[in-house]
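Hello,

Here is the structure we talked about handing over. Please have a look at it, then read the notes below.

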Amino acid sequence: YIESNSFSHLDKLKILKLDRNNLTFLNQKIFENTILLEYLDISQNRLLEIPSHIFSKLSNLKELILSLNLINSIKDNSFYGLISLKELYLINNKINSINANSFNNLKNLELLLLDSNQIEFLDNYIFNLGNLKELSLAHNKINLIGPNFFVNLKNLKKLDLCDNFLRKIEQKSFSGLFNLEELRLSYNKISKIEPDSFIQLHKLSSLILYQNELVNMDASILK
């Protein structure tokens, strides 16, 4: 536990590393006076949640690392105020649910890593991140990518869905990903890919599908 006023006099602070401790809780006002902060690492602790609005004063923050904690859900307003954030790391937590508006404030986010969690289901339009370039959901428990899941990710270049429980790729699973260059789908259970599943991926240069359960593939799929 860190007292709320621990950093109150460090108003010029730009880098703060709190990783590899045993923090279980963050005081709501702990970052209230560190408004110039650009880099914050709280990885490898024992955090169970991200309190709403806890980062609301950190409008200059560009990189936030929350990997290797015990966070089990992402609530609305968890990242409220992070208008300059470019990179968000949430790798290796216990996340099983993400609220529909969890990432809505992150208009400048370019990198979002959610690898190695326990995510099973994603709501449509959950990733309303127009500037995102790389998204990883590898090593989760996702069993379905329905139509329009990624439709608002117009600038996404890399999408990693390796090592999930996907069984089928639906026709509009990747709708809107006009700038996607790399798609990773290995180590799933995919046995069927519907025709025109990749029809909008005009810039795709790398498609990784090894270690699935495909028996045959319609020629139209890769047109």
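**Phenylalanine rings and the sheet**

Phe 150 is buried, as its relative accessible area is 0%. Please keep in mind while reading that this is a predicted model.

Phe 150 belongs to a cluster held together by ring pairs, whose members are Phe 31, Phe 55, Phe 79, Phe 103, Phe 127, Phe 149, Phe 150, Phe 174 and Phe 198. The number of aromatic pairs comes to nine. Two of these pairs are described here.

The pair of Phe 79 and Phe 103 is stacked, because the ring centres lie 6.0 Å apart and the planes meet at 10°, where under 30 degrees counts as stacked. This pair links distant parts of the chain, with the two positions 24 residues apart. Phe 79 sits in the loop between strand E4 (73-74) and strand E5 (87-89), and Phe 103 in the loop between strand E6 (97-98) and E7. Phe 79 is buried, with a relative accessible area of 0%. Phe 103 is also buried, at 0% relative accessibility.

The rings of Phe 149 and Phe 150 form an edge-to-face pair, because their planes stand at 85° and over 60 degrees counts as edge-to-face. Their centres are 6.3 Å apart. Phe 149 has 5% relative accessibility and therefore counts as buried, the limit being under 20%.

The loop between E6 and E7 also holds Asn 101. Is Asn 101 buried or exposed? Neither term fits: with a relative accessible area of 38%, Asn 101 is partly exposed. Its C-alpha atom is separated by 7.8 Å from that of Lys 75, and the two residues are 26 residues apart along the chain.

Now to the strands. Nine of them form an open sheet with parallel pairing, in the order E1-E2-E3-E5-E7-E8-E9-E11-E13. Which strands stand at the edges of the sheet? They are strand E1 (15-17) and strand E13 (206-208); each has a single partner strand, so one side of each is left without a neighbour in the sheet. On average, neighbouring strands of this sheet are turned by 0° against each other, with direction ignored.

One neighbouring pair can serve as an example. Strand E7 (residues 111-113) and strand E8 (residues 134-136) run parallel and are joined by three bridges. Within this pairing, Leu 112 has Leu 135 in E8 as its bridge partner.

Regards

Methods. Residues are numbered from 1 along each chain as its sequence is written. This is a predicted model: local features need pLDDT of at least 70, side-chain atom pairs count only at pLDDT 80 or more; totals for chains, interfaces and linings use all residues. Side-chain values use heavy atoms; hydrogens and water are left out. Two strands pair if DSSP finds at least two bridges between them. Helices (H or I, at least four residues) and strands (E, at least two) are DSSP runs, numbered from the N terminus. Axes are lines fitted to C-alpha atoms, for helices over the stretch in contact, and angles run from 0 to 180 degrees between N-to-C directions. Rings of Phe, Tyr and Trp (its six-membered ring) pair if their centres lie within 6.5 Å; planes under 30 degrees apart count as stacked, over 60 as edge-to-face and the rest as tilted. Buried means under 20% relative accessible area, exposed over 50%, partly exposed in between (1.4 Å probe, protein chains only).
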